[in-house]
Amino acid sequence: PVAARFAGKITLSDIQPPNSYTLAFEGQGGAAGFGKGSAQVKLGAPGAGVDGGCELAYTVHASVGGKVAQLGQRLVDGAAKS
């Protein structure tokens, strides 16, 4: 129901190579509203039976405001969980 372009920025902090980092993000969509939040990302050895690569685990906290929040908060929450 809402189409918008968001301009934003992403900031990395608490960088602990090769184990983890924190990613903070914020975006402005004009009349559509805004979004902001952070993610704690952890990288680890792959699970049993997996050759190469790494396992990725993350926890995200996000919030939206404006028309995006009024019309699509449930959709945003569902997309963030997946």
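**Exercise 1. Locate Ala7 and determine whether this residue is buried or exposed.**

*Solution.* Ala7 belongs to strand S1. The model examined here is a predicted one.

Step 1. The relative accessibility of Ala7 is 57%. The threshold for an exposed residue is over 50%, so Ala7 counts as exposed.

Step 2. Neighbours up to four places away in sequence are set aside; the residues that Ala7 then touches are Glu26, Gly27 and Gln28.

Step 3. For Gln28, the separation from Ala7 is 21 residues in sequence, while the C-alpha atoms of the two lie 5.4 Å apart.

**Exercise 2. Establish which secondary structure elements the protein contains and in what pattern they follow along the sequence.**

*Solution.*

Step 1. The protein has four strands and one helix.

Step 2. In sequence order, these elements give the pattern β-β-β-β-α.

Step 3. Two totals describe the chain as a whole. Among its 82 residues, 16% count as buried. The exposed area is about 6100 Å², of which carbon and sulfur atoms supply 56%.

Step 4. Among contacts with a separation of 6 or more, 29% involve residues 24 or more positions apart.

**Exercise 3. Work out how the strands pair, and in what sense.**

*Solution.*

Step 1. Strand S1 (residues 7-16) pairs with S2 in the antiparallel sense, over eight bridges. Within this pairing, Thr11 stands opposite Ala24. The hairpin that joins S1 to S2 passes through three residues.

Step 2. S2 is also antiparallel to strand S3 (residues 34-44), with nine bridges between them. Leu23 faces Ala39 of S3 as its opposite residue, and Gly27 has Gly35 as its bridge partner in S3. Five residues lie between the strands in the hairpin of S2 and S3, and Gly30 in that hairpin has a positive phi near 60°.

Step 3. S3 and S4 run antiparallel and are joined by 11 bridges. Gln40 has Thr59 in S4 as its bridge partner.

**Exercise 4. Identify what surrounds Thr22, and decide whether Thr22 is buried or exposed.**

*Solution.*

Step 1. Thr22 sits in strand S2, which spans residues 20-28.

Step 2. Its relative accessible area is 12%. Buried means under 20%, and therefore Thr22 is buried.

Step 3. Beyond four places in sequence, Thr22 touches Thr11, Leu12, Ser13, Asp14, Ala39 and Gln40.

Step 4. Two of these neighbours also make polar contacts with Thr22. The side chains of Thr22 and Gln40 are in polar contact at 2.7 Å, and a polar contact of 3.4 Å links the side chains of Thr22 and Asp14.

Step 5. Ser20, likewise in strand S2, can be treated in the same way. Its relative accessibility is 13%, so Ser20 counts as buried. With neighbours within four places left aside, Ser20 contacts Asp14, Ile15, Gln40, Val41 and Lys42.

**Exercise 5. Find which backbone values stand out at Asp14 and at the bond from Pro17 to Pro18.**

*Solution.*

Step 1. The general expectation is that most residues other than glycine have a negative phi, and that most peptide bonds are trans.

Step 2. Asp14, in strand S1, has a positive phi, near 50°, although this residue is not glycine. At 53% relative accessibility, Asp14 counts as exposed.

Step 3. The peptide bond from Pro17 to Pro18 is cis, and its omega is near -10°. Pro18 is placed in the loop between S1 and S2.

**Exercise 6. Determine which residues form the nonpolar patch on the surface, and which strand gives the largest share of this patch.**

*Solution.*

Step 1. The nonpolar surface patch is formed by Leu43, Leu56, Tyr58 and Val60. Together these residues have about 360 Å² of accessible area.

Step 2. Strand S4 (residues 55-65) gives the largest share of the patch, with three residues. Leu56 is one of the patch residues, and its place is in S4.

How values were computed:
Residues are numbered from 1 along each chain as its sequence is written. This is a predicted model: local features need pLDDT of at least 70, side-chain atom pairs count only at pLDDT 80 or more; totals for chains, interfaces and linings use all residues. Side-chain values use heavy atoms; hydrogens and water are left out. Helices (H or I, at least four residues) and strands (E, at least two) are DSSP runs, numbered from the N terminus. Buried means under 20% relative accessible area, exposed over 50%, partly exposed in between (1.4 Å probe, protein chains only). A polar contact is a pair of N or O atoms within 3.5 Å; within protein, one must be able to donate a hydrogen and the other to accept it, and residues adjacent in sequence count only if both atoms are side-chain atoms. Contact means heavy atoms within 4.5 Å. Patches are made of residues with over 30% relative accessible area and no salt bridge: like charges are joined within 9 Å, nonpolar side chains (Val, Leu, Ile, Met, Phe, Trp, Tyr) within 5 Å. Accessible areas come from the Shrake-Rupley method with a 1.4 Å probe; for residues, only the protein chains shown count as cover. A salt bridge is a side-chain nitrogen of Lys or Arg within 4 Å of a carboxyl oxygen of Asp or Glu. Two strands pair if DSSP finds at least two bridges between them.
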